[in-house]
Amino acid sequence: MTAPRPDAPPWQGARLHIVTGKGGTGKTTVAAALAMALASEGQRVLLAEVEGRQGISQTFDVPQLDIKETRVARGLRGGEVVGLSIDAKAALLEYLQMFYKLGRAGGVLEKFGVIDFATTIAPGVRDVLLIGKVYEAVRRREGGRRKDGALLYDAVVLDAPPTGRVGRFLNVNHEVAGLAKVGPIRQQADSITAMLRSSQTVVHLVTLLEEMPVQETIDAAAELDRIGLQVGGVVINQEREPALSPAAIKALRSDLDATPLEKDLAEAGLRVGPVLVDGLIQTGLDLADRLDLEVQERDELTGLNRPTYHLPLLHEGLDAGGLRELAGSLIQQGMV
């Protein structure tokens, strides 16, 4: 392990990075960029998802993932990103085999729908099973591979459910309290809760500079704090360069005379009438209002008193080069 850098974040040394955000904010992209940033520091990183959306395979442009841990990218200095898509049904079958040695009986249970019933009727147990796979990966120690062939990881990044559900998903101890007061599942839930509330774990929040994502980010931070989880960084995703300067905004809002603008457009070879010119001015005013809103949302996020990181909007879409650009930005800003 490398020594902490002078600009190291408060969660330096954490082994589990949980990434959440409102749907549509790009939390999977940020989780992938964070995994790539860690891998670029020479680490072997497991990037796991639990929603069955195959977001990791789409982001890295690789075949669909399953419960088999599969390398999806290489980082610098020998680092790599390994992908995993955790399925509750497969996790339950593995769990039953581990604790109850069911063997072929597990397949019989699946055939009769018992597995689907168990993972649907008891969502708290389902979440224990999903996080249990992550928990097991985090507990592995450094050094290549175990005797059973399992890879050992320096860090694990979890692409978690959206902010509206993440508190319940991570509060596994509370969710199974009424279902399993004793036994292996309750012991597993207690162990998972201890890990989630330890310094090994940090939860990062992804948002856009829009009212609803920012409000969900603030609400999620409060909920996570209430259940005893460490809130890490706030990542503002898809930021755009301001299209208007302060001087231009001031001019637009000072009863701008449209005549010189119409003349300038005509000299540029654009024959426009007063109606179109007025429309252009209104578009500029709408954009100025949006920029004002973004400033207000930044101020709201400042109130969380958490390290904030900024990722640009990739106008040409996300590809391997864009993902590395985002990872490099997180490194440069000191998130890893």
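This short dialogue walks through the sheet of a predicted model.

Q: In what order do the strands of the sheet stand, and what is the pairing?
A: Strands of a sheet pair through backbone hydrogen bonds, either parallel or antiparallel. Here 8 strands form an open sheet with mixed pairing, in the order β3-β4-β2-β5-β1-β6-β7-β8. The edges belong to β3 (70–74) and β8 (308–312); each has a single partner strand, so one side of each lacks a neighbour in the sheet. On average, neighbouring strands are turned by 25° against each other, direction ignored.

Q: Which strands pair with β4, and in which sense?
A: β2 and β4 run in the parallel sense, joined over 6 bridges, and Val-45 has Val-81 as its bridge partner in β4. β3 and β4 pair in the antiparallel sense over 4 bridges; there, Thr-70 has Gly-83 as its partner in β4. β3 and β4 form a hairpin with 5 residues between them, and Arg-77 in the turn has a positive phi of about 55°.

Q: Are the two faces of β4 covered or open?
A: In a regular strand the side chains alternate between the two faces of the sheet. For β4 (residues 80–85), 6 of its 6 residues are buried. Glu-80, Val-82 and Leu-84 lie on one side, with Val-81, Gly-83 and Ser-85 on the other, so to read it plainly, both faces are covered.

Q: Which helix lies across β1, β5 and β6?
A: That is helix α7 (residues 163–170), running at about 145° to β1 (16–21). Helix α10 (residues 211–226) also packs on the sheet, where it touches β6 and β7 (231–239), and its direction makes about 165° with that of β6.

Terms used
Residues numbered from 1 in each chain as written. Predicted model: local features only at pLDDT ≥ 70, side-chain atom pairs only at ≥ 80, totals over all residues. Heavy atoms only, no water. Pairing = 2+ DSSP bridges. Axes fitted to C-alpha atoms, helices over the stretch in contact; angles between N-to-C directions. Contact = heavy atoms within 4.5 Å. Buried < 20%, exposed > 50% of the residue type's maximum accessible area, 1.4 Å probe, protein only.
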